[in-house]
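Visitor: I should like a close look at a single part of this structure, namely the surroundings of the ligand. Please describe what lines that site and which contacts are made there.

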Amino acid sequence: MDFSLSDEERAVRDTARQFITREVMPLEQEALRRERAHLPGLDRSELKELRLKAKKFGFWGLSTPEEYGGMNLPAVLQSLIVTETGRSFVQFTFGGEADNILYHANADQKRAYLVPTIEGERVSCFAITEPGAGSDAANIRLSARRDGDDWILDGEKTFITNGNDADFAIVVAVTDKEKGVRGGGTTAFLVDREMGWRSEFIQTMGEGGPAALVFDNVRVPARNILGELGQGFELGMKWIGKGRYLIPSHALGIAERALGMAIDYANTRETFGRRIGENQAIQWMIADSEVELEAARWLTLRAAWTVDQGEDPRHSSSMAKLYGANMVNHVVDRVLQIHGGMGYTRELPIERWYRQVRLMRIYEGTDEMQRLIISRDLLRGYTKIGGHLA
Ligand SMILES: Cc1cc2nc3c(=O)[nH]c(=O)nc-3n(C[C@H](O)[C@H](O)[C@H](O)COP(=O)(O)OP(=O)(O)OC[C@H]3O[C@@H](n4cnc5c(N)ncnc54)[C@H](O)[C@@H]3O)c2cc1C
C-alpha cells in the first residue's frame, strides 16, 4: 500500500500552493476590510485578472476538456488543488470552468453559453432549489408551459449561488406534471437575465449571499432547452453530484491553515507564566483536530480516487462530504477557542471561517441527506462495508 503522492501530483500541488501564497494571500487584509464594509472581497474584474494570472501559471480549466482549452485533470489532482485554494479565505477559484451540465448543450448553445462561461465572459448560476423544495428536490413546482415556439416559465427559485451576478440561469422546471419529476416531467432551460427573471439578494451569515430568482411569465425560446425535454431532474442531480468530493477538499485547506494558526498561537500566547500550548486542554484540542483532519483527508482522496477509477463515487463522496464538512466545523471552533477573545474579533479571519464553514453542512446535500444516501446504499446491499477493499 502506498499513501504517497506521485511526483506529478506533488509538483502540481506545490505550484498551486505557490500561486495561492504569492498572489492570493496578500489580498486577504484588503478583502477583510471590504467585507467588513459589506463589499465583495474581490470584484468581478479583479477576479478575472487574478484568474488570467493563474492561467499564465498553468492553472486554467481544471475539469474542462482539452478541446475547450482546459486541463481535464484527474479528480485526485483537482482535489489537491482545491485544498490549496481553501487555504485562503479570499473567494478565489481558478478560471476556465463551466457547469458540468453545460456540456449537454447543442452546438449553438455551446457557442452562446458554454464557451463564454469558460472564458469568463459570462457568469452562470444553477437553479433547482425552491421555497418548497430543497432536500426534497423532486418537489419542485416552477412550471414551464408551451406557447408556440416558446415556453413560459412561472415560479420561484431560492438560495441560488451567483444568482445576483449571473448573466444567465440554468433552471430546472416542470414541463409535464402528469409524468412527474422522476418520470421525465422536468426540463432544464438556459434563461438569460434579459428574458425577464429578476434576482433578490438573500442576507445570510456568510459573505456575499445567494439570491431568490423570480420568474413571472418569462418567455424562453424552445431552442434554449438544455439537453433533452424531460431530462431536467437527471441533469440537476448530475450538477449536484459533481462537486461532492470538492467541498471536503476545500474544507481540508481551511482546516489546515486554521490549525496552523492555532499551533502558532499556542506556542506564543502566555498565561500564568507559560505558553498556553503547555496545557493539556489546548494540546487535546490540537490533537483531536489533527486526527479528524487526517481522517477527512483520506476519505476525500479516496472519493476522488473512486471518480478516477470510473466507479460510482456517490457512496464515498457522501462519506467525504459528511465527515469533511463536520471536521472543518469542529476544527474552526477549536481554533477560535484557542485564540480566546482574539478569535472572536474581526482582526483575524477565524470568525469569518466559523460563519463560512457552517454552510458546508447544508448545501449540495445536508448532513442528513448524506447519511440517508450512505445508509440506504448499505441497507439495500448496493455497497459493502469496507468499500473497495471488502
Ligand atoms: C448559501 C447557499 C447557497 C446555495 N446554492 C444553491 C444553488 O446554487 N442552487 C440551488 O439549486 N440550491 C442552492 N442552495 C440550496 C441548498 O442546496 C438547500 O438549502 C439544501 O439542499 C437544503 O434544503 P432546504 O434549505 O430546503 O432544507 P430542507 O430540505 O427544508 O431541510 C430542513 C432540515 O430538515 C432535514 N431533513 C429534510 N428531509 C429530511 C429527511 N427525510 N430525513 C431527515 N432529515 C431531513 C434537512 O437535512 C435539514 O436539516 C444553496 C443554499 C444555501 C444556504
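Guide: A polar contact is here a pair of N or O atoms within 3.5 Å. The model under discussion is predicted. With that cut-off in mind, the ligand may be taken atom by atom. One of its nitrogen atoms lies 2.9 Å from a polar backbone atom of Phe126. A polar backbone atom of Phe159 is likewise found 2.8 Å from a nitrogen atom of the ligand. At Ser135 the partner belongs to the side chain: a polar atom there is 2.7 Å from an oxygen atom of the ligand. Of the 980 Å² of accessible area that the ligand has on its own, the protein covers 63%.

The wider shell may be considered next. The ligand is surrounded by 16 residues. Ser135 and Phe159, already named for their polar contacts, belong to the closest of these, together with Thr129, Thr366 and Glu368. By character, nine residues of the shell are nonpolar, five are polar and two are charged.

The shell can also be traced to elements of secondary structure. Two strands, β1 (124–127) and β3 (150–160), and one helix, α12 (367–379), each contribute at least two of the residues around the ligand. Phe126, whose backbone provides a contact at 2.9 Å, falls within the range of β1 (124–127). Phe159, with its backbone contact at 2.8 Å, falls within that of β3 (150–160). Glu368, one of the closest residues, lies in the range of α12 (367–379).

Technical notes. Residues numbered from 1 in each chain as written. Predicted model: local features only at pLDDT ≥ 70, side-chain atom pairs only at ≥ 80, totals over all residues. Heavy atoms only, no water. Near = heavy atom within 4 Å. Polar contact = N/O pair within 3.5 Å; in protein donor to acceptor, adjacent residues only side chain to side chain. Areas by Shrake-Rupley, 256 points an atom, 1.4 Å probe, with all protein chains shown as cover. Helix = DSSP H or I, 4+ residues; strand = E, 2+ residues; numbered from the N terminus. Nonpolar A, V, L, I, M, F, W, Y, C, P; charged D, E, K, R; others polar.
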